[in-house]
Amino acid sequence: MKASSPRPKPLHGPARPHSGSLQRRLIVAALVLVTIALVVAGIAIGFILHRFVRGQLDSRLDSQIVAIASSLERGRDGRLALRRNLDGPPFDRERSGWSWQIRQGDATLRSSSLEGHDLPAPAEHRQDSRTPHPDHPQPADGVDPWGNTVILRILTLPDEAGAGNATIVASAPMAALSGPVREAGLTLALILSILGLCLVVGLVAQVRLGLRPLERLRRDLGEIRAGKRAQVPEKQPAEIRPLVREVNALLSQNAVNLERARTHVANLAHGLKTPLATLTMALGDAGKDPDGRLSALVSGMDAQIRHHLRRARTAALGGATRERTDLAVSAAGLRTTFARLYADKGIAFTVEVSDGIAVACDGQDVDEMLGNLIDNACRWCRAQVWIAAAFSGQGVTITVEDDGPGLDEDAAARVLGRGRRLDETVPGHGFGLSITTELAELYGGSLHLDRGTLHGLRARLELPA
Amino acid sequence: MKLLLIEDDAALAAEIAKALRAENFALDHAINGEDGQHLGETETYDAVVLDLGLPERDGVSVLQAWRAAGRTLPVLILTARDGWSDKVAGFKAGADDYLVKPFRVEELVIRLRALVRRASAHGANRIACGPLAYDAGLGTFERDGLPLKLTGLEWRVLSCLILRKDGIVPRGQLIERVYEGDAEVDSNSVEVIITRLRRKIVPARIESVRGIGYQLLPGEAS
């Protein structure tokens, strides 16, 4: 059975902060939604804009057509004529795309911008091809004589004097539609982009704010792990409160189970010790155990019980709640204890532990670590034992020194050597020290041995504050 | 020297009692805290061996009750609990020594003798009175450097007298420290033991102080 010690692994590794995080998930989802919404809005607004500009153009062409229709005359010679000049701007600009044309039978009248060319109307609007619409000009797309795309409005007037239907066509260049639409579209895109940016910034802030209680919860749990807290505070947002209650219930349950398990182990161990004591005494009678083999078995059993009792007590370290232990109180109690235990040796104890120096360890474990060191010092000292504690860096250093023979480096290393089998560790110099090392390491501390100012052994125990 | 053993485990108590009587101690035994506390308050003992896990009343509270009542008798705690915290708690309650089960009977005896010696304000293990010397570590007597053979009762009387050699030991107290609680005490029997002892320890002598008790003196009356 190896005396190995499973150490709690640190949870605060270099974690990838955004990989698979809730925050990332929320932000990505929000980004996708905002992008889709803005694109749909852009398309819809563009479409409306297009229709609006087109409507403006159409009504302009329509009023031109109405003006033409109302001033249309047909001479006796069959020629078409207008009662007034309707070639005002922009219909007078050559090749501008702005143009009009009247056709009735063979007679044709055109705006000057057409320079005498024919404005081809789409097939379905050709003369007589369909029933006339005297009220509403019809929309159509076409190409002007120079090959430019134009918007057309076509009005077919009913035959009045037997000369056939009169068709009035007015055109506007496509650029008159696409130009303003493109210009407005650019402005729209800019405004939507700024809006999108504002939304994204707002969403990120919202997600951060919304997830802040989770971060606080993580810190609280970290403090529980570090022994600064026993429970997570219940003052939490409604969504997290049930979770926190469950965590707290789990922590309490864990503590209760741990305590119960420890009690059972302790009861078992202590229950075995009385019969063992009886056995030891019975074997002490002359002739019962001539070669000492049975006594050795009994002390082996005792060592096993002690070892596993201690393990049961310390096994849950790292996960469970840790308390803080005042070293001055602990040292004072141990000083009284050792003064009585070594009453005949008349040891002069010097204790230099200021009030308020505390370590983040269980009180019994502190007594165990410190007790073993002082016991060792008392056993080997001539007359003096010196105990001191002081803050050092992040933790506390406890020094126990005696004026005994001390240990050389090799012996010190052997005493602290780990991985030894239980039956190799005999009570005496070092047994308590290796227990102290084991306990200290469970708390993330350490034990160093060297020669001190009293020329005996100096043990320096480092523990987390 | 008389001891009080408070231990609920019958088998262990029997072994301890056998071992301690073999070392000449007189012994009363209580099997629970209540009886133990009562005996400790009403009888005279040189030391107490106290188990902590007791029925009816645990050892620490028995000890605290004695100390609160001003009883200063030396107490050795005998327990299965071997943590330093347990020991600190025991000493804080007023214990004078602490022994963890299982233990070697030799250690128990040595610690008890040392407790009794310290309670009588003797610093060193060797206590001398004229030619007579008592080794509180080994529990043996010497006269002129040679081992002195004594019966159990004689040892109890002489150790009681030598530990209090600077004063008179009242007769009643001597009887209480020599006889076990359930023993039939003949009023003359102490006198008989003293007479036998006087022959063994010359030239040291035991002087009877009429109406009070006895005192151990180093030499012949002048």
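The legends below walk through several close-up views of a predicted two-chain model.

**View 1. Both chains of the predicted complex, with the confidence that comes with them.** The predictor assigns this complex an ipTM of 0.81, along with a pTM of 0.65. For chain B, the mean pLDDT is 88, and 99% of the residues in chain B reach 70 or more. Chain A holds 8 helices and 14 strands, while chain B holds 8 helices and 12 strands. Of the 465 residues in chain A, 25% count as buried; for the 222 residues of chain B, the buried share is 42%. If you like contact maps, here is one number for each chain. In chain A, 63% of the contacts between residues at least 6 apart in sequence join residues at least 24 apart. In chain B, residues 24 or more positions apart account for 59% of the contacts with a separation of 6 or more.

**View 2. The interface, seen from the residues of chain A that take part in it.** Here 26 residues of chain A are in contact with 27 residues of chain B. Which helices of chain A each supply at least two residues of the side that touches chain B? They are helix H3 (241-283), helix H4 (293-314), helix H5 (327-341) and helix H6 (363-380). H3(A) gives the largest share of that side, 9 residues. By residue type, the side of chain A that touches chain B divides into 8 nonpolar, 11 polar and 7 charged residues.

**View 3. Ala80(B), a loop residue with contacts in both chains.** Ala80(B) sits in the loop between S4 and helix H4 (84-92) of chain B. Is Ala80(B) buried or exposed? It counts as buried, because Ala80(B) has 24 C-beta neighbours inside 10 Å, where 20 or more are enough to qualify. Leaving aside neighbours within four places in sequence, Ala80(B) is in contact with His270(A), Lys273(A) and Thr274(A), and also with Lys101(B). Another pair to pick out in this view is Ala80(B) and Leu99(B): they are 19 residues apart in sequence, and their C-alpha atoms are 8.6 Å apart in space.

**View 4. Helix H5 of chain B and what covers it.** Helix H5 (residues 105-119) of chain B invites a quick check of its length. Its 15 residues, at 1.5 Å a residue, should span 21 Å, and the end C-alpha atoms are 21 Å apart, so the expected and computed spans agree. The buried residues of H5(B) are Leu108(B), Arg111(B), Leu112(B), Arg113(B), Ala114(B), Leu115(B), Val116(B) and Arg117(B). What covers these buried residues includes strand S1 (2-6), strand S3 (47-51), strand S4 (75-79), strand S5 (97-100) and helix H6 (152-163) of chain B. After H5(B) comes Ala121(B), with a positive phi near 65°.

**View 5. Two hairpins in chain B that share strand S8.** Strand S7 (residues 132-135) and strand S8 (residues 140-143) of chain B pair in the antiparallel sense over 4 bridges. Within this pairing, Tyr134(B) stands opposite Phe141(B). The hairpin made by S7(B) and S8(B) has 4 residues between its strands, and Gly139(B) in the turn has a positive phi of about 75°. S8(B) also runs antiparallel to strand S9 (residues 146-147) of chain B, joined by 2 bridges. Arg143(B) stands opposite Leu146(B) in S9(B). In this hairpin, 2 residues lie between S8(B) and S9(B), and Asp144(B) in the turn has a positive phi of about 55°.

**View 6. An open sheet of chain A, with helix H5 lying across part of it.** In what order do the 5 strands of this open sheet in chain A come? The order is S9-S11-S12-S14-S13, and the pairing is mixed. Strand S9 (348-353) and strand S13 (446-451) of chain A are the edge strands, each pairing on one side only. From one strand to the next, the twist averages 15°. Inside the sheet, strand S11 (residues 384-392) and strand S12 (residues 395-402) of chain A run antiparallel and are joined by 8 bridges. Ala390(A) stands opposite Thr397(A) in S12(A). H5(A) lies across S9, S11 and S12 of chain A, and runs at about 175° to S9(A). H5(A) also supplies at least two residues of the side that touches chain B, as described for View 2.

Terms used:
Residues are numbered from 1 along each chain as its sequence is written. Chains are lettered from A and ligands numbered from 1 in the order in which they are written. This is a predicted model: local features need pLDDT of at least 70, side-chain atom pairs count only at pLDDT 80 or more; totals for chains, interfaces and linings use all residues. pLDDT is the predictor's confidence in each residue, from 0 to 100. Two residues are in contact if their C-beta atoms, placed from the backbone, lie within 7 Å. Ala, Val, Leu, Ile, Met, Phe, Trp, Tyr, Cys and Pro count as nonpolar, Asp, Glu, Lys and Arg as charged, and the others, Gly among them, as polar. Two strands pair if DSSP finds at least two bridges between them. A residue is buried if 20 or more other C-beta atoms lie within 10 Å of its own, exposed if 12 or fewer, and partly exposed in between; C-beta atoms are placed from the backbone. The expected span of a helix is 1.5 Å times one less than its number of residues. Axes are lines fitted to C-alpha atoms, for helices over the stretch in contact, and angles run from 0 to 180 degrees between N-to-C directions.
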